[in-house]
Amino acid sequence: MTDKPSVLFVCVHNAGRSQMAAAWLRHLAGDTVEVRSAGSAPTDQINPTAVEAMREVGIDITDQTPTRLTWDTAETSDIIVTMGCGDACPVFPGKRHEDWKLTDPAGQSLDVVRHVRDDIKAHVTELLASIEPET
């Protein structure tokens, strides 16, 4: 891992889970970690319910855009965290890989998405604690 580790969050649409995870890591780590997110089949906009759930905790993700997962992005990331994209998510030998089992916020109520948001924060906090000594 380099002086500034890079973390890639991947889900199918890059509109909910991976965007919230990336936002939490940016918020909690500041500029000590390079944060990336992508989707195996990205949509054209961020999930509005995810936007609202993050807004409630003071984090604005309205400036984010779903992006397609590329081989280069995955290959140049130190840690790859997947969330529900199954075989469409890459696994690279020698890379640290985590797969987080999280409810897909697509089509869910704000109450459900709040729980997803809070679960993601807990995972991100653990992830950050595991890489902080190296940052």
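**View 1. The bridge between Cys11 and Gly39 in the strand pair β1 and β2.** In this predicted model, Cys11 has Gly39 of β2 as its bridge partner, and strands β1 (residues 6-11) and β2 pair in the parallel sense over six bridges, where pairing requires at least two DSSP bridges between the strands. Strand β2 (residues 34-39) has five of its six residues buried, that is, under 20% relative accessible area with a 1.4 Å probe, protein chains only. Together with helix α1 (residues 17-29), β1 and β2 form a right-handed β-α-β unit.

**View 2. The surroundings of Thr82 in strand β3 (residues 79-82).** Thr82 is buried, its relative accessible area being 3%, and its side chain makes polar contacts (N or O atoms within 3.5 Å, one able to donate a hydrogen and the other to accept it) with the side chains of His97 at 3.2 Å and Asp99 at 2.7 Å.

**View 3. Leu25 and the nonpolar cores.** The largest nonpolar core, a set of buried nonpolar residues joined through side-chain atoms within 4.5 Å, has 31 residues, and Leu25 is among those with the most contacts inside it, as are Val7, Phe9 and Trp100. Elements giving two or more residues to this core include β1, α1 and α4 (110-131). A second, separate core of nine residues includes Leu8, Val10, Cys89 and Phe92.

**Conventions.** Residues are numbered from 1 along each chain as its sequence is written. Local features need pLDDT of at least 70 and side-chain atom pairs count only at pLDDT 80 or more, whereas totals for chains, interfaces and linings use all residues, and side-chain values use heavy atoms, with hydrogens and water left out.

Methods:
Buried < 20%, exposed > 50% of the residue type's maximum accessible area, 1.4 Å probe, protein only. Helix = DSSP H or I, 4+ residues; strand = E, 2+ residues; numbered from the N terminus. Right-handed = clockwise from strand over helix to strand, strands pointing away.
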